[in-house]
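Hi there,

Here is the structure I promised to pass on. Have a look at it first, and then read my notes below.

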Amino acid sequence: MYSWERFLNGEDAAANTLRDLVNASWQRCQGANVDPTRHAGPLPVSEQDFFLLRERQRELLEVSAPMMASARDFLAETGTMMVLADTNCTILSTEGDTPAKNSAESIFLVPGVTWSERFCGTNAIGTALAVGQPVQIHSAEHYCAGIKRWTCSATVIRHPTDGEIIGVLDISGLSQTFSRQSLALVVATANRIENRLTIGEMERRYRLLNYWAQHSASLGNQGAVLFDRRGLPVQVNEHAHVAILAAGGEFEWPASRRIPELAAGTLRRSLTRGTIPSWIRPEWIESIVDHGEHLGTLLVIPSLKACISTPPTTLSQRHATAPSEASETEKDPFAGIITSDAAMQAIIAKARQIARAKASVLLLGETGVGKEEFARGIHGGGATPFVVLNCGGLSRELLASELFGYADGAFTGARKGGLAGKIEAAAGGTLFLDEIGEMPLDMQPHLLRVLEQGEVYRLGETAPRKVSFHLIAATHRDLRQEVAAGRFRMDLYYRVAVTSLRIPPLRERKGDIATLAQFFLDHFRVKQGLKRSTINPAVIRQLELNAWEGNVRELRNVIESAVLVSDGEMVTCADLPSELAATEKSTAGPVSSIGGDMQSIAEGERDLINRTVAATGGNLTLAARQLSIAKSTLYAKMQRYGLSRETVRNRIAD
């Protein structure tokens, strides 16, 4: 209190006894003419205004609801309460110890009251918002006299996409409840709220980018910018910069800032009041709504010539005038993908559409399904480079030098004169990053900077090099789960997964097994200088029984092996590798032993494996030997059928 009285009397020496944070806040309060004798917050807003306020903050309230509900339990009998406020420091909700909430009513620390520094002086809610970081204000450090018997800890809540402050979380109680752990608790709780926001934002962003992938190719020579529901630009096409300049606007991608007038909550008001940027015409704006939810905004700017004579086309008109498929006389870039499966043909058709947009693509699928073939098809061939780099299996240092390149003398053993990385090698063409999910987390920000700024720094260099390339990435992992687990950056995920394609495994398209087998047979027979041959139908039936964990790559190896050992003009079951021959044995036994029961081949194989492993006492090495299959194949089949040593032991015990 002595320092406070000296400060109010204008004594400079008072500042020497205060924390810098508190002194700066008191200075702001004095400059704003805050009444230091105030004993409580201002009156609450009206019931109607409070209802409208909560409606505007519905997302924050819904996301934080589980944490606020938990506070009701873990703050009980602690003498403290948790407070959620908006960016004006107006309290939205409170939870916690009932006596603490009752005491808070005496100072109007209740929903609907604004606790900014301008109204209530130095306090954790208002000061945290003023400085944008966690703060703890205890007892006499409050500026207003009536609040000095309280202690409070607060931090801001930031939106995951751009870091904008969207609220404040606080824990308050009477002075005797002071604990340094309160600040750690409120920061941890705010992080949980931000993580829930991240998950919801990822799901909406995925739907928005999927919309862009489906429609951007049909825009022709019109400029287009895709904004998320907060007015942040997330994608542009190649005509956007010129079209915006022609319209009198300024737009530097990817460094452009948010346009709040295009945000979901304000777009309608902006159009009604005419507050959108002057160079944007209302007829250029399309709201993107999915299942009643406003996901974002598409801004379509006509070309300079069209801007003078005609308005931009509507979405339905764009579909009617979409670019036609490439001439049949041109070489098909997807010719390397052999399939007779309808689902695969639909995926190829989608890939052709994506290829025209030149947007970043994420290919999803198990190892060996043909992700690189799809990447080459999307690249489209021609004279532009197609550069491949597998992010898995390389050490962090080797991957960094391969991807970014290095300068002369960057490290021991570096090539004299330095070396360009794969990014520079792909300039003007396509960079295919296979298994991007294996990229080390600390390397991901450097790749993100390349994608956002269009420039790369070689290892050991301080000057950037301009680059422009089309990125295609691939992974067998679920990157959204990797983001949620903290192993992959969300912002990088948004950059690489503008759109995605899932390539199904071979076991989900049985009809392709015969088609691919004949294709590979012809290929390897020609390679060996042999005449074209056929495959015995029994071989096809046997191939269809296999699980194909290695997918198309495994089938290719099987057929190549059969060509090498076959001495006739027809491939027979005897030419297949032993582990595939064992598949027929493993499925034939149980089927013949069940008499008239209609047991499936898969069920028979499962029973045989179960009985064999049980008979060997759970010794998988011995069981694999008796089944005449590799131990790795036995592991894969047990996993496929939901078997384990434990289930087998239980069967033995029974």
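Below is what I found, from the whole chain down to one serine.

First, the ground rules: this is a predicted model, where local features need pLDDT of at least 70 and side-chain atom pairs count only at pLDDT 80 or more, while totals for chains, interfaces and linings use all residues. Residues are numbered from 1 along each chain as its sequence is written, and side-chain values use heavy atoms, without hydrogens and water.

The protein chain has 654 residues, 48% of them buried (under 20% relative accessible area, 1.4 Å probe, protein chains only). DSSP runs give 27 helices and 20 strands (helices are H or I, at least four residues; strands are E, at least two).

The largest nonpolar core (buried Ala, Val, Leu, Ile, Met, Phe, Trp, Tyr and Cys joined through side-chain atoms within 4.5 Å) holds 35 residues, and W26, W115 and Y143 are among those with the most contacts inside it. Elements that each supply at least two of its residues include α1 (2–8), α2 (20–31) and β5 (165–174), but β4 gives the most, with four. A second, separate core has 33 residues, including L403 and F469.

Strand β4 is also where S153 sits. Is S153 buried or exposed? S153 counts as buried because its relative accessibility is 2%. Its side chain makes a polar contact with that of Q136 at 2.9 Å (N or O atoms within 3.5 Å, one able to donate a hydrogen and the other to accept it; residues adjacent in sequence count only if both atoms are side-chain atoms).

Enjoy exploring!

Note on methods: Buried < 20%, exposed > 50% of the residue type's maximum accessible area, 1.4 Å probe, protein only.
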